[in-house]
Amino acid sequence: MTGSTRRFVALLLAASALGLATAPAQAASCTLGAVQMVAEHEWFRTVELGMQAAARKDGCALLVANAQGQVDTESSLVDNFVARGVNAILISALNADASVPALQRAVDSGVKLVNYNSTINSPVMTTFVGVDNYELGAQMGRYVAKYVADQMGGKAKIALLTIPKYEVGKQRREGFVAEVGKVPGVTIVAEQEGELPEQSANTLETILQGHPDTQIVWAANEGGLVGALTAKGATGKDIKLFGTDMSLQVAAALKNPSSGLVAVSTQDPYNIGYQSVEAAVQKTDGKQLPPKIIVPLDMYYASDPAKVDAYLEKYKALAKQ
């Protein structure tokens with residue numbers, strides 16, 4: 001489902017693009033409420049597909065809500081889920097501190113909590129499902145460092161499009177910079193916020209005007225990378241692009257030699273969604289879980305089109321939403 005006007009829906013979200021039927025209301029063994037940061041991103045839509053699949057398997061009703069990037073909206077959605085009597089809330093919290101009060105109220109009301117993708121600064125977070133975001137950035141940093149050493153004589157001028165307003169973005173940036181910083185010939189010439197495609201495209205065009213000798217751009221998320229691809233196409237600059245977080249559009253760019261996209265480090269959002277529901281169901285059943293459930297990372301390369309094709313085939317249902 002798409003659109004900023006999307007609202008949480010009762011039960012298992014009418015048949016998804018994967019073609020799987022929903023469970024009837026009377027069959028639901030539990031009710032789960034999932035809060036997404038920004039539902040329009042393909043990444044979160046893929047998370048939702050994983051949640052839907054696990055909820056169907058476990059016979060649970062799944063309600064999904066879009067915080068639209070606003071902490072006050074997020075707080076209201078959490079309170080609404082509590083009022084509706086959900087057994088557990090799954091949330092990618094917008095802010096490590098500002099998101100806490102609403103979640104504290106939920107836990108105090110007896111609702112189980114699973115944090116996915118992002119963390120909060122509170123002991124109410126007892127179960128996290130996601131990745132090590134520092135390592136997600138570091139993984140790409142190591143690849144770029146090797147690329148510079150092998151393909152560019154050990155020297156490169158790099159621009160960064162980062163997402164500093166999110167804790168996960170700060171962690172990715174720290175990991176990336178720590179690794180590329182090990183190469184003496186690497187210089188970071190510019191760093192600007194770049195979360196959404198249009199914003200990132202404009203930002204990168206400005207960066208390239210001020211630093212025309214930029215050779216490499218790393219974008220810390222899918223939206224920033226899509227913007228970087230747009231900016232490269234608009235300016236015609238001979239730059240190499242590297243990014244974090246895969247999507248259908250990014251996969252298509254990896255298969256296009258003129259895009260300049262070399263590699264993408266990524267999470268597995270489908271698995272994150274699936275494992276989040278599994279954790280919520282287990283907590284509802286009173287089972288003890290480890291504090292962190294870490295989902296493995298992956299990499300995709302322009303030099304490995306077969307793997308990119310496999311990704312496109314696996315997630316082609318997203319193109320129909």
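**Reading sheets, helix packing and phi in a predicted model**

Author: One open sheet has 6 strands in the order β2-β1-β3-β4-β5-β11, and the pairing is parallel. Keep in mind that this is a predicted model.

Reader: Which strands stand at the edges of that sheet?

Author: β2 and β11 (292-294) do. Each has a single partner strand, so one side of each is left without a neighbour in the sheet. From one strand to the next, the twist averages 20°.

Reader: How do I read the pairing of two strands?

Author: Strands of a sheet pair through backbone hydrogen bonds, either parallel or antiparallel. Now take β1, residues 31-36. β1 and β2 pair in the parallel sense, over 6 bridges. Look at Ala-34: its bridge partner in β2 is Val-64.

Reader: Which strands does α1 touch on this sheet?

Author: α1 packs on the sheet and touches β1, β2, β3 (88-91) and β4. Its direction makes about 165° with that of β2.

Reader: Now the other sheet. What is its strand order?

Author: The order is β7-β6-β8-β9-β10-β12. This sheet is also open, with 6 strands, but its pairing is mixed. β7 and β12 (298-301) stand at the edges. One side of each lacks a neighbour in the sheet, because each has a single partner strand. Here the twist averages 15° from one strand to the next.

Reader: Is β6 mostly covered or mostly open?

Author: Mostly covered. β6 spans residues 155-162, and 6 of its 8 residues are buried. It runs parallel to β7 (residues 185-193), joined by 8 bridges. Ala-159 has Ala-190 as its bridge partner in β7.

Reader: How many bridges pair β9 with β10?

Author: 4 bridges, in the parallel sense. β9 covers residues 240-244 and β10 covers residues 261-266. Find Phe-242: it stands opposite Ala-263 in β10.

Reader: Which strands does α7 touch?

Author: α7 (residues 222-235) packs on the sheet and touches β6, β8, β9 and β10. It makes about 165° with the direction of β9. Helix α4 (residues 133-151) lies across β6, β7, β8 (216-219), β9, β10 and β12. α4 runs at about 155° to β10.

Reader: How do I describe two packed helices?

Author: Two packed helices are described by the angle between their axes and the distance between the axes. Try α1 (residues 42-58) and α9 (residues 269-284). They pack at an angle of about 40°, with axes 6 Å apart. They are therefore oblique to each other. The crossing is right-handed.

Reader: Which residues make the contact?

Author: From α1, they include Trp-43, Val-47, Leu-49 and Met-51. From α9, they include Tyr-270, Ile-272, Tyr-274 and Val-281. By class, the contact has 13 nonpolar, 4 polar and 3 charged residues.

Reader: Last topic: phi. What should I look for?

Author: Most residues other than glycine have a negative phi. Look for the exceptions. Gln-68 is not a glycine, yet its phi is positive, about 55°. Asn-117 also has a positive phi, near 70°, and is a residue other than glycine.

Reader: Where do Gln-68 and Asn-117 lie?

Author: Gln-68 is in the loop between β2 (61-66) and α2 (71-83). Asn-117 is in the loop between β4 (112-116) and β5 (128-130).

Reader: Is Asn-117 buried or exposed?

Author: Buried, because its relative accessibility is 5% and the cut-off is under 20%. Gln-68 is partly exposed, with a relative accessible area of 36%.

Definitions and conventions:
Residues numbered from 1 in each chain as written. Predicted model: local features only at pLDDT ≥ 70, side-chain atom pairs only at ≥ 80, totals over all residues. Heavy atoms only, no water. Helix = DSSP H or I, 4+ residues; strand = E, 2+ residues; numbered from the N terminus. Buried < 20%, exposed > 50% of the residue type's maximum accessible area, 1.4 Å probe, protein only. Axes fitted to C-alpha atoms, helices over the stretch in contact; angles between N-to-C directions. Parallel < 35°, antiparallel > 145°, perpendicular 65-115°, else oblique. Left-handed = near helix turned anticlockwise from the far one by under 90°. Contact = heavy atoms within 4.5 Å. Nonpolar A, V, L, I, M, F, W, Y, C, P; charged D, E, K, R; others polar. Pairing = 2+ DSSP bridges.
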